[in-house]
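Got the viewer open? Let's take a short tour, one selection at a time, beginning at the ligand.

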Amino acid sequence: MEAKNTFQIQVFLSCILLFGTLSTKSLEVGYYKCTNTCPQAEEIVRGVVYKYVLQEPGLGAGLIRMFFHDCFVRGCDASVLLDPSYLNPNPEKLAVPNNPSLRGFEVIDAAKSAVEQVCPGIVSCADIIAFAARDATYFLGMISYEIPSGRLDGRISIADEVLKVLPTPFHNLTVVKALFAAQGLSADDVVALSGAHSIGRSHCSSFTNRLYPTIDSTLDQGFGYLLRSKCPENAPVDGVVPQDFVTPTKLDNKYYQNVKGLKGLFFSDWSLLTSDETANLVNDFRTTPQFFEAKFAESMVKMGNIPLLSGTPGEIRKSCRAVNY
Ligand code: HEM
């Protein structure tokens, strides 16, 4: 009884804090519960994400990457979800880093419609992406954290903006660090979040420049031959390989072992070894999984707080694929 009371007092206090800051539209943990607008929102999203990820773990990887691609472009405003339309024929979704590789859109659609059935017009698509990435992280890595919410959905989505702000697999550490710094993220965040490359897949085109005409010296030669066998030169279709050949559905610190052993797929993965600061962290994460897990969680929350680019107020979309009319 006493424990229950203590819990209620804790929720009450955190809600007071929430109401105190809402006027500035800052994000808060448990926003939909505290405002009593949709107390079940996070639970509903979790149920949908688990259903899909259980069937296809790769979708969980897709959702974590979607959160990254959403937050880096104009802040976490679900701009990545908008479909091409008559008024906006070229949204972010069609940009090279997203098309055709970004996946998990059907999970967001299903979560949104499940939430709309219970609390119509309340929960933003931007928050649904953030919840889904958090839930996928737990499902695939047993890494748990609380993610603040209360985001609004943006109305602007421009494909040409994507390549200006997102790092590519061909970038070196200096460029990757600068692109993260532009979002208020540190070199430590770069190293921690890159750990997401222990799950999911990559298309061959993101690394075949390291395989042909010769296997790059930044790549383990045996691993290079394995990749050649999966990604033949001038293949008619862009094949896919797992990011981590050993535990492709487990979000764990094996990525750092791979990077150290020159078995990361991307030049950008290898480049983490090119400064003492990042190489030391690669080593720390490699040897201490708990340290990686704590830092990964912290950096995901930080990424979710990237400020919005747009000064205009957002909206709660009816459909995550289109702005409201
Ligand atoms: C540091 C700079 C980064 C670069 C250059 C980069 C690049 C890439 C590329 C090229 C792919 C392959 C996509 C494909 O062909 O299907 C990929 C996959 C992936 N990335 Fe990154 N990424 C970076 C950082 C991140 C961050 C910060 C996260 C999230 C925390 C992330 C999560 C993922 C995940 C989970 C996948 C697998 C996606 C799937 O299986 O659908 N990446 N990344």
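Start by selecting the ligand and its surroundings, keeping in mind that this is a predicted model. There are 25 residues around the ligand, and Arg103, His197, Arg201, His203 and Gln243 come nearest. Switch on a pocket surface too: the space the ligand takes up is the largest pocket.

Next, zoom in on the iron atom of the ligand. Which protein atom is its donor? Select His197: its NE2 is the only protein donor of the iron, at 2.1 Å. Stay on His197 a moment longer, as one of its polar side-chain atoms also lies 2.9 Å from a nitrogen atom of the ligand. If you trace the chain here, you'll find His197 in the loop between α9 and β1.

Now follow the chain along to Arg201 and His203, and show their backbone atoms. For Arg201, a backbone N or O atom lies 2.8 Å from an oxygen atom of the ligand. For His203, the corresponding pick is again a backbone N or O atom, 2.7 Å from a ligand oxygen.

Time to zoom out and colour by secondary structure. Four elements each supply at least two residues of the shell around the ligand: α4 (57-72), α8 (173-181), α9 (187-194) and β1 (201-203). Which of them gives the largest share? That's α4, with five residues. Recolour the shell by residue type and you get 11 nonpolar, 11 polar and three charged residues.

Try colouring by domain next, with 23-165 as domain 1 and 173-302 as domain 2. Why does the ligand lie between them? Because both domains give residues to the shell around the ligand.

Finally, leave the ligand for a few backbone details. Select Asn99 and Pro100: a cis peptide bond joins the pair, with omega about 10°. Pro100 belongs to the loop between α4 and α5 (105-118). Then jump to Tyr212 and Pro213, which are also joined by a cis peptide bond, here with omega about 0°. Look for Pro213 in the loop between β1 and α10 (221-230).

Last stop: Met142. It isn't a glycine, yet Met142 has a positive phi of about 55°. You'll find Met142 in the loop between α6 (125-141) and α7 (159-165).

Note on methods. Residues numbered from 1 in each chain as written. Predicted model: local features only at pLDDT ≥ 70, side-chain atom pairs only at ≥ 80, totals over all residues. Heavy atoms only, no water. Near = heavy atom within 4 Å. Polar contact = N/O pair within 3.5 Å; in protein donor to acceptor, adjacent residues only side chain to side chain. 1 Å grid on protein atoms, 1.4 Å probe; cavity = no way out; pocket = protein on both sides within 12 Å on 5 of 7 lines; lining within 4 Å. Sits in = over half its atoms within 2 Å of the grid points. Nonpolar A, V, L, I, M, F, W, Y, C, P; charged D, E, K, R; others polar. Domains from an automatic or database assignment. Donors = N, O, S within 2.8 Å, 3.2 Å for Na, K, Ca; no water.
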